[in-house]
Amino acid sequence: FLIVLLTTSFFIRKTYFSYALHDLKDDAGLFVDALTKDAIMRKDVELLKKIVEKAEGSYEIEIFDQKGAMLADTKEKVLHKCQAFGKDEFNIIPSKGYGYAVREKEGKTKVVYLAIPIIEKNSVMGFVRISTPLSYIKNTINKLWLYVIFIFIFAMAGSSIVSFFLSRSISSPLLKVTKVAKEVASGNLRERIDIKDRKDEIGTLANTFNDMVERLNNAQKERKKIIDNISHELLTPI
């Protein structure tokens with residue numbers, strides 16, 4: 001259960017983080033349209049400001065030109081000389097259509113950065129970068145982790161109960177076999193193992209043991225009969 005729990009936790013974290021990145025990509029894609037492309041081409045900072053105002057409070061949106069210069073962001077701290085290239089999130093993964101990185105912001109909180117290219121006629125004319133605190137993703141992962149823990153606690157409790165009754169169903173007839181075996185070993189051949197309606201290995205063992213005791217009992221009766229006959233033949237001449 002512990003191995004499964006740890007493995008499940010690893011896959012939940014990995015899978016949900018991938019889904020979270022995909023959602024961030026979709027959110028960033030909302031800011032890539034013909035209006036944004038036109039504003040980038042005309043370097044219309046005021047229009048880009050209005051475009052990024054659509055961003056929700058949980059994340060920040062930044063728009064860059066093809067050279068990596070920031071044109072607009074949700075914090076309205078436009079720095080045209082701010083170069084973004086060199087950051088890991090701008091290494092776009094072709095199969096995914098985005099690049100991402102996780103790093104500390106201002107030496108305090110960890111932030112997830114994701115960038116998607118703005119493409120026009122097969123040429124990259126800019127980038128949209130979306131960022132959100134890693135804590136938003138971690139909080140959801142932790143909730144999922146708690147759900148998994150509760151599920152496994154109930155599963156372990158249920159399996160423990162099943163295991164208890166299963167072990168009792170196995171140990172109880174074996175205790176009967178042991179008790180009868182001791183009686184037979186002490187010479188009491190009248191004892192039998194009373195295990196009815198068992199078609200498994202334990203039932204086979206009990207039936208075999210009963211057959212063995214029956215044969216021993218018959219053998220003892222035959223021996224007693226032979227000894228009695230010999231004694232009678234010896235006493236007759238006398």
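These legends walk through several close-ups of a predicted model.

**Close-up 1. The open sheet, strand by strand.**
Five strands line up here in the order β2-β1-β5-β4-β3, and the pairing is antiparallel. The sheet is open, with β2 and β3 (99-105) at its edges. Each of those two has a single partner strand, so one side of each goes without a neighbour in the sheet. Ignoring direction, neighbouring strands are turned by 25° against each other on average.

**Close-up 2. Where β1 meets β5.**
Stay with the sheet and look at the pair β1 and β5, which run antiparallel and are joined by six bridges. One pairing to pick out is I61, whose bridge partner in β5 is I130. I61 turns up again in the core view, as one of the three residues that touch the most other members of the largest nonpolar core.

**Close-up 3. E60 and its surroundings.**
E60 belongs to strand β1, which covers residues 60-65. This glutamate is buried: its relative accessible area is 9%, and the cut-off for buried is under 20%. Setting aside residues up to four places away in sequence, E60 touches D73, T74 and K75, then K105, and finally R129, I130 and S131. I130 in that set is also the bridge partner of I61.

**Close-up 4. The largest nonpolar core.**
This core has 29 residues, and L48, I61 and V128 are the ones touching the most other members. At least two residues come from each of α1 (2-29), α2 (34-41), α3 (45-52), β1, β2 (70-73), β4 (109-120), β5 (123-133) and α4 (134-185). The largest share is that of α1, with five residues. A second core sits separate from this one; it has 10 residues, among them V177, V184, I202 and A206. As background, nonpolar side chains in soluble globular proteins tend to be buried together.

**Close-up 5. L48 and its contacts.**
Zoom in on L48, one of the three residues with the most contacts to other core members. Not counting neighbours within four places in sequence, L48 is in contact with T36, A39 and I40, and also with I63, L71 and A72. T36, A39 and I40 are among the α2 residues that make the contact with α3, and L48 is on the α3 side of that contact.

**Close-up 6. α2 against α3, with the sheet behind the pair in the story.**
α2 and α3 pack at an angle of about 150°, and their axes are 8 Å apart. The two helices are therefore roughly antiparallel to each other, the cut-off for that label being over 145 degrees. α2 passes α3 in a left-handed crossing. On the α2 side the contact is made by L35, T36, A39 and I40, and on the α3 side by L47, L48 and I51. As for the sheet, α3 lies across β1 and β2, at about 40° to β2.

**Close-up 7. α1 against α4.**
Here is another helix pair with an angle of about 150°, this time with axes 10 Å apart. α1 and α4 are therefore roughly antiparallel to each other. The crossing of α1 past α4 is right-handed. From α1, the contact residues are V4, L5, T8, S9, I12, R13, Y16, F17 and A20; from α4 they are L134, I137, T140, I141, N142, L144, W145, V148 and F152. α1 also lies across β3, β4 and β5, running at about 50° to β4.

**Close-up 8. The loop between β4 and β5.**
Two residues to look at here are K121 and N122. Phi of K121 is near 55° and phi of N122 is near 65°, each a positive value in a residue other than glycine. K121 is exposed, with a relative accessible area of 76%. N122 also counts as exposed, at 79% relative accessibility.

**Close-up 9. S95 in the loop between β2 and β3.**
S95 is found in the loop that links β2 and β3. This serine is exposed, and its relative accessible area is 70%. Y16 is shown for reference: S95 and Y16 are 79 residues apart along the chain, and their C-alpha atoms are separated by 19 Å. Y16 is one of the α1 residues in the contact with α4.

Conventions: Residues numbered from 1 in each chain as written. Predicted model: local features only at pLDDT ≥ 70, side-chain atom pairs only at ≥ 80, totals over all residues. Heavy atoms only, no water. Helix = DSSP H or I, 4+ residues; strand = E, 2+ residues; numbered from the N terminus. Buried < 20%, exposed > 50% of the residue type's maximum accessible area, 1.4 Å probe, protein only. Contact = heavy atoms within 4.5 Å. Core = buried A, V, L, I, M, F, W, Y, C linked by side-chain atoms within 4.5 Å. Pairing = 2+ DSSP bridges. Axes fitted to C-alpha atoms, helices over the stretch in contact; angles between N-to-C directions. Parallel < 35°, antiparallel > 145°, perpendicular 65-115°, else oblique. Left-handed = near helix turned anticlockwise from the far one by under 90°.
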